[in-house]
Amino acid sequence: MGSRREEERNEKIIRGLMKLPPNRKCINCNSVGPQYVCTNFWTFTCLSCSGIHREFTHRVKSVSMSKFTTQEVRALEQGGNQVTVLRTVLPFPSRVTCSTL
Ligand SMILES: [Zn+2]
């Protein structure tokens, strides 16, 4: 598993990703400063929407309370709210997912 240094680096990257304009708003309800990540879609989501994701059995992690692996951070770097918005507009989301990962 990741070393302490790796954990710190990953946390720093995630904090940076949270500052990107598309990730500063909850993907689901547009509320400011989402603190959760849905790891099914690699989107940033707020507390109340994270509860809704859980109802759909999506996996949700709290940014402040969870550790993220290097793999997860990479997926988030390539995902995020902006990419997902594009995906939902496109007619073949699964194909887009494959090509972007
Ligand atoms: Zn929300």
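How many C-beta neighbours inside 10 Å does N30 have, and does that make N30 buried or exposed? Select N30 and count: there are 10, and N30 therefore counts as exposed, where exposed means 12 or fewer other C-beta atoms within 10 Å of the residue's own, buried means 20 or more, and partly exposed is anything in between, with C-beta atoms placed from the backbone.

Before going further, note that this is a predicted model, in which local features need pLDDT of at least 70 and side-chain atom pairs count only at pLDDT 80 or more, while totals for chains, interfaces and linings use all residues. Residues are numbered from 1 along each chain as its sequence is written.

**The whole chain**

Show the full protein as a cartoon: there are five helices and three strands, where helices (H or I, at least four residues) and strands (E, at least two) are DSSP runs, numbered from the N terminus. Followed along the sequence, they give the pattern α-β-β-α-β-α-α-α. If you colour by burial, 26% of the 101 residues count as buried. Of the contacts with a separation of 6 or more, 49% are between residues 24 or more positions apart, a contact being a pair of residues whose C-beta atoms, placed from the backbone, lie within 7 Å.

**Helix 1**

Select residues 4–18, which form helix 1, and check the length: at 1.5 Å a residue its 15 residues should span 21 Å, and the end C-alpha atoms are indeed 21 Å apart, the expected span being 1.5 Å times one less than the number of residues. Within this helix N10, I14 and L17 are buried. Turn the view to look down the axis, and these buried residues fall within an arc of 55 degrees, so they line one face of helix 1; the arc is that of the directions from the helix axis to the C-beta atoms. An α-helix has 3.6 residues a turn, so residues three or four places apart point the same way. On the face turned away from the buried side, look for the exposed residues R4, R5, E8, K12, R15 and G16.

**Helix 1 against helix 3**

Now add residues 70–78, helix 3, whose axis comes within 10 Å of that of helix 1 and crosses it at roughly 15 degrees; axes here are lines fitted to C-alpha atoms, for helices over the stretch in contact, and angles run from 0 to 180 degrees between N-to-C directions. The two helices are therefore roughly parallel to each other, a label for angles under 35 degrees, as against roughly antiparallel over 145, roughly perpendicular from 65 to 115 and oblique for the rest. Show the side chains of E6, N10, I13, I14 and L17 on helix 1 and of T70, V73, L76 and E77 on helix 3, since these residues make the contact.

While helix 3 is displayed, pick A75, which lies in it and counts as partly exposed with 16 C-beta neighbours inside 10 Å. A distance drawn from the C-alpha atom of A75 to that of T39, 36 residues apart along the chain, reads 8.8 Å.

**Two loop residues with positive phi**

Return to N30, in the loop between helix 1 and strand 1 (36–38), and read its backbone torsion: phi is positive, about 70 degrees, although N30 is not a glycine. Most residues other than glycine have a negative phi, and most peptide bonds are trans. Then move to W42, in the loop between strand 1 and strand 2 (43–45), where phi is again positive, about 55 degrees. W42 counts as buried, because it has 22 C-beta neighbours inside 10 Å.

**From W42 to G79**

From W42, step to G79, which sits in the loop between helix 3 and helix 4 (80–89) and touches W42, T43 and T84, not counting residues up to four places away in sequence. G79 is buried, with 24 other C-beta atoms within 10 Å, and its C-alpha atom is 7.5 Å from that of F41, 38 residues away along the chain.

**Helix 2 and the strands**

Finish with residues 47–55, helix 2, whose buried residues are C49, S50 and H53. Viewed down the axis of helix 2, they fall within an arc of 105 degrees, so they line one face. These buried residues pack against strand 1, strand 2 and strand 3 (60–62), whereas the face turned away carries the exposed residues S48, G51 and E55. The last selection is T57, which follows helix 2 and has a positive phi, near 60 degrees.

Terms used. Two residues are in contact if their C-beta atoms, placed from the backbone, lie within 7 Å.
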